[in-house]
Amino acid sequence: MANLKEIRTRISSVEKTKQVTAAMKMVSAAKLKKAQDAILQIRPYADKLHEILGSLSGSLSDSEDNIYGSERKADKVLLVAITSNKGLCGAFNSNVIKRVNELAKGVYSSQRAQGNLKVLTIGKKGFKDLSKAYQVIGHHNELFDDMSFENTSAIASSIMKEYVAGNYDKVELVYNRFKNAGVQILTNEQFLPIVNDENEDANAHSDYIFEPGKEAIVSELVPKSLKTQFFGAMLDSVASEHGARMTSMHKATDNASDLIQELKLHYNQARQAAITNEILEIVSGANALAQ
């Protein structure tokens with residue numbers, strides 16, 4: 001059994017760690033509230049816009065103007081991995097990295113073998129791991145310093161231009177979708193080409209009247225919807241990060257409390273044993289003198 005000084009030192013160390021984890025939990029809870037409000041405000045708008053876009057994409061499927069919805073063989077693929085700049089958030093980052101690896105070794109294994117699979121990372125954690133195994137064409141770690149629609153739109157526009165130029169045939173986003181503070185849903189969704197909603201009634205597309213025209217819709221509504229989709233994915237990831245960190249720090253704080261109680265029990269046992277030994281030594285010495 002460790003001596004009393006070692007146990008006291010360890011108790012003090014764990015108590016300091018508990019203070020840090022408790023403070024990080026409170027900070028993440030405050031940031032989560034703000035991020036949660038942002039994603040809940042934009043999600044209905046983004047979902048409805050995406051729904052309309054899917055319907056319009058079906059109507060425009062035979063049009064030459066449908067540059068963002070035309071299906072083509074996915075010879076060149078881009079995976080956009082959205083992680084975070086910081087750790088201590090459980091499996092938040094590792095899940096995204098794991099999903100990218102699964103896609104690269106599974107669905108897009110042939111593209112990877114031919115050197116046609118590329119990765120764009122957002123977040124230091126994703127870049128650190130994925131850059132070792134894949135061709136990372138860029139990283140936007142600075143995006144978290146000033147998260148805004150304008151900044152994310154610039155990245156989305158760059159991806160869209162590369163797609164229109166034919167540098168990519170398919171673009172997928174890999175991120176954590178926010179459900180609540182304790183649950184984050186690992187998601188990989190197709191960004192380009194636009195996914196046509198096959199669950200809708202096939203006759204529903206015929207009711208649309210294009211005003212002022214198909215070309216104007218493609219040039220205005222479609223890019224706006226794609227930028228909104230990308231911004232929504234970023235907000236989802238930010239909210240999920242704070243939720244995962246808050247949950248992780250909550251568990252760490254509870255574990256620290258349990259460890260402190262266990263160490264205090266060991267300390268009391270060691271102290272009692274030391275006192276008992278001293279008493280036995282005094283009694284034994286007194287008996288020796290009496291004889």
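Which residues of β1 are buried on one side, and which on the other? In this predicted model, V77, L79 and A81 are buried on one side of β1. L78, V80 and I82 are buried on the other. Both faces of the strand are thus covered.

The chain has six helices and five strands. Read from the N terminus, its elements follow the order α-β-α-α-β-α-β-α-β-β-α. The chain comprises 291 residues, and 40% of them are buried. Its exposed area is about 16100 Å². Carbon and sulfur atoms supply 52% of that area. Contacts across the sequence were also examined. Among those between residues at least 6 apart, 77% join residues at least 24 apart.

Strand β1 spans residues 77–82. Six of its six residues are buried, and the strand is mostly covered. It has pairing partners in β2 and in β4. With β2, residues 117–122, the pairing is parallel and rests on six bridges. L79 has V119 as its bridge partner in β2. L78 is bridged to K118 of the same strand, β2. With β4, residues 170–180, β1 also pairs in the parallel sense, here over five bridges. In that pairing, V80 of β1 is matched with L173 of β4. L79 and V80 are themselves buried, on opposite sides of β1.

Strand β2 is largely enclosed by the rest of the structure, because five of its six residues are buried. Besides β1, β2 pairs with β3, residues 135–139. These two strands run parallel and are joined by four bridges. One of the bridge pairs links T121 to H139 in β3. The connection between β2 and β3 passes through helix α4, residues 124–130. This β-α-β crossover is right-handed.

G138 offers a closer view of the β2–β3 pairing. The residue lies in β3. Its relative accessible area is 17%, below the 20% cut-off, so G138 counts as buried. Beyond residues up to four places away in sequence, G138 touches V119, L120 and T121. Two of these residues also appear among the bridge pairs: V119 is the partner of L79, and T121 is the partner of H139. G138 and T121 are separated by 17 residues in sequence. Their C-alpha atoms are 6.5 Å apart.

Helix α6 spans residues 214–290. Two of its residues differ in exposure. T228 lies in this helix. T228 is buried, because its relative accessible area is 4%, under the 20% limit. Apart from neighbours within four places in sequence, its contacts are I42, Y45, A46, L49 and F149. I279 is also found in α6. Its relative accessible area is 47%, between the 20% and 50% limits, so I279 is partly exposed. I279 contributes to a nonpolar surface patch together with I275 and V283. The patch covers about 240 Å².

In summary, β1 is covered on both faces and pairs in parallel with β2 and β4. β2 in turn pairs in parallel with β3, to which the chain crosses through α4. Helix α6 holds both T228 and I279, the former buried and the latter partly exposed.

Terms used. Residues are numbered from 1 along each chain as its sequence is written. This is a predicted model: local features need pLDDT of at least 70, side-chain atom pairs count only at pLDDT 80 or more; totals for chains, interfaces and linings use all residues. Side-chain values use heavy atoms; hydrogens and water are left out. Patches are made of residues with over 30% relative accessible area and no salt bridge: like charges are joined within 9 Å, nonpolar side chains (Val, Leu, Ile, Met, Phe, Trp, Tyr) within 5 Å. Accessible areas come from the Shrake-Rupley method with a 1.4 Å probe; for residues, only the protein chains shown count as cover. A salt bridge is a side-chain nitrogen of Lys or Arg within 4 Å of a carboxyl oxygen of Asp or Glu. Buried means under 20% relative accessible area, exposed over 50%, partly exposed in between (1.4 Å probe, protein chains only). Contact means heavy atoms within 4.5 Å. Two strands pair if DSSP finds at least two bridges between them. A crossover is right-handed if, with the strands pointing away from the viewer, the path from the first strand over the helix to the second runs clockwise.
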